[in-house]
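Reader: Please take a close look at one part of this chain, the place where aromatic rings pair, and then set it in the context of the rest. A connected account would suit me better than a list.

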Amino acid sequence: YTNATARTLFGVDESADLEILQLAATAPDALDDRLLPELGVDLPTLRRLEGTELLRRGRRGIRFRHELARQAGAGSVSPSVAPVLHRRLLDALEATGSHDFALLAHHAEGAADAARTRRYAALAAQEAVRTGSHTEAVAFLMRAVAHPGDDAAEHAALLEQLSTEQYMVSSRAESIASIDAALRLREQLHDADGAA
């Protein structure tokens, strides 16, 4: 969609209203009320958007009334704008002190921010391990290692954690491949203790 088409589709006149609808569509669950001030959403704007019958307020924030409307909202976001929306949501989450590492990783990845994706995905994996959800831990660690930074020792440590979690979910071949990759990094770093 173009912005003009999206404004017509959603029945909003102002670009700022469309942007809020697109932010709500970018949020995987709901747009937490605590984020609204950080995103510049004031009460008149919120009332205007609620008047469109597209959004509703719930316990977890504002969300689209229907999934098809959310998908249309997400579809109205151009590929060049999506990272900007994710970055705004990520910055707002950080500013409000969010500890929802899975959500932070989601928006960091959408914002194409490799460092924050790696950090939050690793933290989300630690939470998953604490709760005994090894399958989720594998998924988050896969995200973390897909965004390597300049610190080879950190990357090796992530691969080692990934190997352990892959073993826990009976993905033995993948576990061996991950630990082999970690071992090669440790050897390149001349880290005899780490290699051992």
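**The aromatic pair and its surroundings**

Author: By the rule applied to this predicted model, the count of aromatic pairs comes to one. The partners are Phe101 and Tyr120, and their rings are stacked, with 6.3 Å from centre to centre and 15 degrees between the planes. Those two values are the usual terms of such an account: a pair of aromatic rings is described by the distance of the centres and the angle of the planes. The angle of 15 degrees puts the pair in the stacked class because planes under 30 degrees apart count as stacked. The pair links distant parts of the chain, since Phe101 belongs to helix H6 (residues 101–110) and Tyr120 to helix H7 (residues 114–130), 19 residues apart. Both Phe101 and Tyr120 are buried.

Phe101 is one of several buried residues in H6; the others are Leu104, Ala105, His107 and Ala108. The numbering of this set can be read against helix geometry. An α-helix has 3.6 residues a turn, so residues three or four places apart point the same way.

Just after H6, the backbone does something less common: Ala112 takes a positive phi of about 60 degrees. Most residues other than glycine have a negative phi. Ala112 is not a glycine, yet its phi is positive. Ala112 sits in the loop between H6 and H7, the two helices that carry the rings of the pair. Is Ala112 buried or exposed? Ala112 has a relative accessible area of 65%, and therefore counts as exposed, the cut-off being over 50%. The buried pair and the exposed loop residue thus belong to one stretch of chain running from H6 into H7.

A second positive phi is found at Ser170, about 65 degrees, again in a residue that is not a glycine. Ser170 lies in the loop between helix H9 (152–168) and helix H10 (172–188).

The end of H6 also has a neighbour from earlier in the sequence. Pro83, in helix H5 (residues 82–95), is in contact with Gly110 and Ala111 once residues within four places in sequence are left aside. Pro83 has a relative accessible area of 22%, so Pro83 is classed as partly exposed, and not as buried, which would need a value under 20%. From Pro83 to Asp29, 54 residues away along the chain, the C-alpha distance is 18 Å.

Other contacts lead back towards the N terminus. Leu35 touches Leu89, Ala92, Leu93 and Thr96, apart from residues up to four places away in sequence. Glu38 is in contact with Ala92, Ala95 and Thr96 under the matching exclusion. Ala92 and Thr96 therefore appear in both lists, where contact means heavy atoms within 4.5 Å. Glu38 is found in the loop between helix H2 (15–26) and helix H3 (43–51), and with a relative accessible area of 45% Glu38 is partly exposed. The C-alpha atoms of Glu38 and Ala16, 22 residues apart in sequence, are 14 Å apart in space.

Leu35 is also among the residues with the most contacts inside the largest nonpolar core, along with Leu23, Leu31, Leu39, Leu55 and Phe64. This core has 45 residues. Leu31 is in turn touched by Gly61, whose contacts beyond four places in sequence also include Ala30, Asp32, Asp33 and Arg56. Gly61 is placed in strand S2 (residues 61–64). With a relative accessible area of 2%, Gly61 is buried. Gly61 and Gly40 are 21 residues apart in sequence, with 15 Å between their C-alpha atoms.

For the wider setting, the chain has eleven helices and two strands, arranged along the sequence as α-α-α-β-β-α-α-α-α-α-α-α-α. The C-alpha atoms fill a box of roughly 65 × 30 × 30 Å along the principal axes. Of the 196 residues, 39% count as buried, Phe101 and Tyr120 among them. Of the contacts between residues at least 6 apart in sequence, 57% join residues at least 24 apart. The chain exposes about 10500 Å², with carbon and sulfur atoms supplying 52% of that area. Its side chains include 21 positive and 29 negative ones, and the centres of the two sets lie 6 Å apart.

Note on methods. Residues are numbered from 1 along each chain as its sequence is written. This is a predicted model: local features need pLDDT of at least 70, side-chain atom pairs count only at pLDDT 80 or more; totals for chains, interfaces and linings use all residues. Side-chain values use heavy atoms; hydrogens and water are left out. Helices (H or I, at least four residues) and strands (E, at least two) are DSSP runs, numbered from the N terminus. Buried means under 20% relative accessible area, exposed over 50%, partly exposed in between (1.4 Å probe, protein chains only). Accessible areas come from the Shrake-Rupley method with a 1.4 Å probe; for residues, only the protein chains shown count as cover. Lys and Arg count as positive and Asp and Glu as negative; His and the chain ends are not counted. The place of a charge is taken as NZ of Lys, CZ of Arg, CG of Asp or CD of Glu. A nonpolar core is a set of buried Ala, Val, Leu, Ile, Met, Phe, Trp, Tyr and Cys residues joined through side-chain atoms within 4.5 Å. Rings of Phe, Tyr and Trp (its six-membered ring) pair if their centres lie within 6.5 Å; planes under 30 degrees apart count as stacked, over 60 as edge-to-face and the rest as tilted.
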